[in-house]
Amino acid sequence: MSAPRKDYRIYGYDGARRIVTSDWIEASSDEDAIAHATALGFTKSELWLSDRLIAQLEGEHRAP
């Protein structure tokens with residue numbers, strides 16, 4: 001049986017750390033959400049579940 005999926009929020013920010021984008025993703029765990037956000041190319045962003053900061057993604061985006 002799989003874990004229930006949760007709605008995570010990703011806030012993308014600019015160099016001054018102002019939020020410039022926001023998106024939703026679904027994942028069954030924090031680790032899954034981080035992997036999913038990274039695979040989608042989210043960088044310079046924060047990943048939240050409700051009012052809990054899950055991760056700050058600081059990597060640079062690299063073209064495949």
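1. Read from its start, the chain runs β-β-α-β-β. That amounts to 1 helix and 4 strands. The model is a predicted one, and the points below should be read with this in mind.

2. On overall dimensions, the radius of gyration is 12 Å, which agrees with the value near 11 Å that a compact globule of 64 residues would have. Along the principal axes, the C-alpha atoms fill a box of roughly 40 × 30 × 15 Å.

3. On burial and contacts, 28% of the 64 residues are buried. Of the contacts with a separation of 6 or more, 31% join residues 24 or more positions apart. The accessible surface is about 4,600 Å², and carbon and sulfur atoms contribute 53% of that area.

4. Helix 1 spans residues 30–39, and its buried residues are Asp30, Ala33 and Ala37. These residues lie on the same side of helix 1, because they cover an arc of only 60° around the axis. On the other side of the helix, Glu31 and Ala39 are exposed.

5. What do the buried residues of helix 1 pack against? Their partners are strand 1 (6–13), strand 2 (19–27), strand 3 (45–49) and strand 4 (52–57).

6. After helix 1 comes Gly41, which has a positive phi, near 90°.

7. On charge, the chain carries 8 positive and 11 negative side chains. The centres of these two sets are 3 Å apart.

Terms used. Residues are numbered from 1 along each chain as its sequence is written. This is a predicted model: local features need pLDDT of at least 70, side-chain atom pairs count only at pLDDT 80 or more; totals for chains, interfaces and linings use all residues. Side-chain values use heavy atoms; hydrogens and water are left out. Helices (H or I, at least four residues) and strands (E, at least two) are DSSP runs, numbered from the N terminus. The radius of gyration is taken over C-alpha atoms; the globule rule is 2.2 Å times the number of residues to the power 0.38. Buried means under 20% relative accessible area, exposed over 50%, partly exposed in between (1.4 Å probe, protein chains only). Contact means heavy atoms within 4.5 Å. Accessible areas come from the Shrake-Rupley method with a 1.4 Å probe; for residues, only the protein chains shown count as cover. Lys and Arg count as positive and Asp and Glu as negative; His and the chain ends are not counted. The place of a charge is taken as NZ of Lys, CZ of Arg, CG of Asp or CD of Glu. The arc is that of the directions from the helix axis to the C-beta atoms.
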